[in-house]
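Student: I should like to learn how to read a structure of this kind. May we take its features one at a time?

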Amino acid sequence: MSDRPSVLFVCVHNAGRSQMAAGWLRHLAGDRIEVRSAGSAPADSINPAAVQAMAEQGVDITAATPTVLTREAVQLSDVVITMGCGDACPIFPGKRYEDWELPDPAGQGVEAVRPIRDDIRARVEELIASLGA
C-alpha cells in the first residue's frame, strides 16, 4: 500500500473527460499522486479530439485505453471524481467523492474540446493543492 494519495476519475466511456483529467494529473503531479481512470461503459478507444487537445499542451494521452470501472478501483482510491455523467459508483466509507459537471466531448471537434480541457486543468490544479501534493 502506497502512502501517496490516489485519485480515480470516472465517466461513462472513459474516452474523453476522465482521460484528460488523468493526463493532467500525471503531467502536473508526476509520481506524487497515483492516478486511475475508468468508465461504466468504456468506449473502444480514446476520443481523438481529446488526444489532440491534450497534445497541444504537451500532454500525451495516446497510450491511454478506456478501462471498465471496478469496485476494486474505487476501494484502492482515496478520491473518486465523477465527470457529470450520473455514474453509479460504489460508495465506500472514508473516501472523498466529487462530481465535476463538465460537457461531454464525445463527437465534438477539437475547438469544442479545448475549453473542457482547460476547465479540467484548473480543477486538477485545485485537486493537487487540496491533496497537499
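Tutor: Let us begin with one helix. This is a predicted model, and in it the buried residues of H2 are Ala49, Ala50, Val51, Ala53 and Met54.

Student: What covers the buried residues of H2?

Tutor: Contacts give the reply: H1 and H4 are among the elements that cover them. At the start of H2 there is also a polar approach, where a side-chain oxygen of Asn47 comes to within 2.8 Å of the backbone nitrogen of Ala49.

Student: How many residues does H4 have, and what should they span?

Tutor: The expected span follows from a rise of 1.5 Å a residue, so the 22 residues of H4 should span 32 Å; the end C-alpha atoms are 30 Å apart, which agrees.

Student: Which residues of H4 are buried?

Tutor: A residue counts as buried under 20% relative accessible area. In H4 these are Val110, Val113, Ile116, Arg117, Ile120, Val124, Leu127 and Ile128. Seen down the helix axis, they fall within an arc of 115 degrees, and therefore line one face of H4. On the other side of H4, Glu111, Glu126 and Ala129 are exposed.

Student: What covers the buried residues of H4?

Tutor: The covering elements include E1, H1, H2, E3 and strand E4 (96–99). After H4 comes Gly132, with a positive phi near 65 degrees.

Student: Which residues of the largest nonpolar core touch the most other members?

Tutor: A nonpolar core is read as buried nonpolar residues joined through their side chains. The largest one here has 31 residues, and Phe9, Leu25, Trp100 and Val124 touch the most other members. Two or more residues each come from strand E1 (6–11), helix H1 (17–29), helix H2 (48–55), strand E3 (79–82) and helix H4 (110–131). H4 gives the largest share, seven residues.

Student: Which residues is Val124 in contact with, leaving aside its neighbours within four places in sequence?

Tutor: Val124 is in contact with Phe9, Ala21, Trp24, Leu25, Leu28 and Trp100. Apart from this core lies another, of eight residues, including Val10, Ala38, Leu69 and Val74.

Student: Is Gln19 buried or exposed?

Tutor: The relative accessible area decides. For Gln19 the value is 2%, so Gln19 is buried. Gln19 has its place in helix H1. A polar atom of the Gln19 side chain lies 3.1 Å from the backbone oxygen of Asn14. Leaving aside neighbours within four places in sequence, Gln19 is in contact with Asn14, Ser37, Ile46, Ile61, Ala64, Thr65 and Pro66.

Notes. Residues numbered from 1 in each chain as written. Predicted model: local features only at pLDDT ≥ 70, side-chain atom pairs only at ≥ 80, totals over all residues. Heavy atoms only, no water. Core = buried A, V, L, I, M, F, W, Y, C linked by side-chain atoms within 4.5 Å. Buried < 20%, exposed > 50% of the residue type's maximum accessible area, 1.4 Å probe, protein only. Helix = DSSP H or I, 4+ residues; strand = E, 2+ residues; numbered from the N terminus. Contact = heavy atoms within 4.5 Å. Polar contact = N/O pair within 3.5 Å; in protein donor to acceptor, adjacent residues only side chain to side chain. Expected span 1.5 Å × (residues − 1). Arc of directions from axis to C-beta.
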